[in-house]
Amino acid sequence: MQVVKYVFQPHGDERGQLIALEEHADIPFEIKRVYYMYDTAEGVHRGFHAHKELEQILISVHGSCKVLLDNGREKKVVPLERPYEGVYVSSGMWREMYDFSPDAVLLVLASEPYDEADYIRDYDEFLRSVGAKGEDGDE
Ligand code: T46
C-alpha cells in the first residue's frame with residue numbers, strides 16, 4: 001500500500017512561516033469542507049470508519065498525532081508531526097487517529113460536504129466493500 005504524503009512549501013521570512021494550499025494546485029481535489037479537531041483528550045482514538053466517496057488531506061498544523069490507514073489488506077501508520085506535512089486519505093480507506101499530543105490541532109481538507117451516508121462504520125462491511133472479505137465471511 002502506497003501512502004501519499006505531501007510536503008507543502010512554506011513561504012518563510014524573518015516574520016515566520018506561511019503555507020498556502022490551493023485546490024488542484026496543492027490539493028488534488030476541490031475543497032468543499034474544512035474542519036479541525038483540538039483539545040483531544042489523552043489516550044483518545046478517533047475515526048474507526050472509512051468513506052465511500054470522500055477524499056481528504058490531514059495536516060497536523062500544531063502538535064502531533066498518528067494516523068493508521070488500512071485498505072483492508074495492509075495497514076500503515078503515518079506520523080503527522082510537522083505543519084508542512086499532510087497525508088492523503090482516499091475513499092475506501094479505514095482510518096484511525098491517535099497519539100494526539102495535548103497541543104495537537106488536526107486540520108482536515110475534504111472533497112465533499114458532511115454526509116453521514118458516506119460513512120462505513122462497520123469493519124466487516126468495510127472489508128466487504130473493498131473486496132477483502134466475501135459475503136460469507138471468507139477472506
Ligand atoms: C474523518 C476523520 C479524519 C459534523 O457535524 N460535520 C463534520 O464535517 C464532521 C467531520 C463532523 N461532524 C460532527 C459529527 C459528530 O457528531 O462532529 C462530531 C464528531 O465527528 P466524528 O465522530 O465523525 O469524528 P472523527 O474524528 O471520528 O472523524 C472525523 C470525520 O468525521 C471523518 O470523516 O475521516 O475525522
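1. Let's start with Glu116, which is partly exposed at 38% relative accessible area. Glu116 makes a salt bridge to Arg121, and the closest N and O atoms sit 3.0 Å apart. Arg121 is partly exposed as well, with a relative accessible area of 45%. Keep in mind throughout that this is a predicted model.

2. There is also a salt-bridge network to look at: Lys5, Arg82 and Glu85 are joined into one by bridges that share partners. Across the structure, the count of salt bridges comes to nine.

3. Another one of these is Arg15 with Asp13, where the closest N and O atoms are 2.6 Å apart. Arg15 is exposed, with 72% relative accessible area. Asp13 is partly exposed, at 34%.

4. Now take Asp70 and Lys75, whose side chains meet in a salt bridge at 4.0 Å, N to O. Is each of the two buried or exposed? Asp70 is buried, with a relative accessible area of just 2%, whereas Lys75 counts as exposed at 54%. If you colour by accessibility, you should find the two ends of this bridge in opposite classes, buried for Asp70 and exposed for Lys75.

5. The strands around that pair are worth a look too. Strand 5 covers residues 65-70 and runs antiparallel to strand 6, with six bridges joining them. Within this pairing, Lys66 stands opposite Pro79 of strand 6.

6. Zooming out, strands 5 and 6 belong to an open sheet of five strands, ordered 6-5-8-3-10, with antiparallel pairing. Which strands stand at the edges? They are strand 6 (75-80) and strand 10; each has a single partner strand, so one side of each is left without a neighbour in the sheet.

7. In the middle of that order, strand 3 (residues 46-51) pairs with strand 8 in the antiparallel sense over three bridges. His49 is the residue to click on here, as it stands opposite Arg95 in strand 8. Strand 3 also pairs with strand 10 (residues 119-120), again antiparallel, over two bridges. There, His51 has Tyr119 as its bridge partner.

8. Tyr119 turns up again in an aromatic pair with Tyr114: the arrangement is edge-to-face, 5.9 Å centre to centre and 70° between the planes. The two rings' residues differ in cover. Tyr119 counts as buried at 15% relative accessibility, while Tyr114 is exposed at 52%.

9. That pair is one of six aromatic pairs found in a search of the whole structure. Another is Trp94 with Phe126, a tilted pair at 5.5 Å centre to centre and 40° between the planes. What does this pair tie together? Trp94 lies in strand 8 (residues 94-98) and Phe126 in helix 1 (residues 123-129), so the contact links parts that are 32 residues apart in sequence.

10. Both of those residues are tucked away: Trp94 is buried at 5% relative accessible area, and Phe126 counts as buried at 0%. Add Tyr123 to Trp94 and Phe126 and you have one aromatic cluster.

11. On to the other open sheet, which has five strands in the order 1-7-4-9-2, paired antiparallel. Strand 1 and strand 2 (33-37) stand at the edges with a single partner strand each, so one side of each is left without a neighbour in the sheet. From one strand to the next, the twist averages 25°.

12. At one end of this order, strand 2 pairs with strand 9 (residues 105-110) in the antiparallel sense over five bridges. To get your bearings, find Arg33, which stands opposite Ala110 in strand 9. If you are following side chains along the strands, remember the general rule: in a regular strand, they alternate between the two faces of the sheet.

13. At the other end of the order is strand 1, residues 5-7, which includes Val7. Val7 is exposed, with 64% relative accessible area. Together with Ile19 and Tyr84, Val7 forms a nonpolar patch on the surface, and the three add up to about 250 Å² of accessible area.

Methods:
Residues numbered from 1 in each chain as written. Predicted model: local features only at pLDDT ≥ 70, side-chain atom pairs only at ≥ 80, totals over all residues. Heavy atoms only, no water. Patch = residues over 30% accessible without salt bridge, like charges linked within 9 Å, V, L, I, M, F, W, Y side chains within 5 Å. Areas by Shrake-Rupley, 256 points an atom, 1.4 Å probe, with all protein chains shown as cover. Helix = DSSP H or I, 4+ residues; strand = E, 2+ residues; numbered from the N terminus. Buried < 20%, exposed > 50% of the residue type's maximum accessible area, 1.4 Å probe, protein only. Pairing = 2+ DSSP bridges. Axes fitted to C-alpha atoms, helices over the stretch in contact; angles between N-to-C directions. Phe/Tyr/Trp six-rings, centres within 6.5 Å; stacked < 30°, edge-to-face > 60°.
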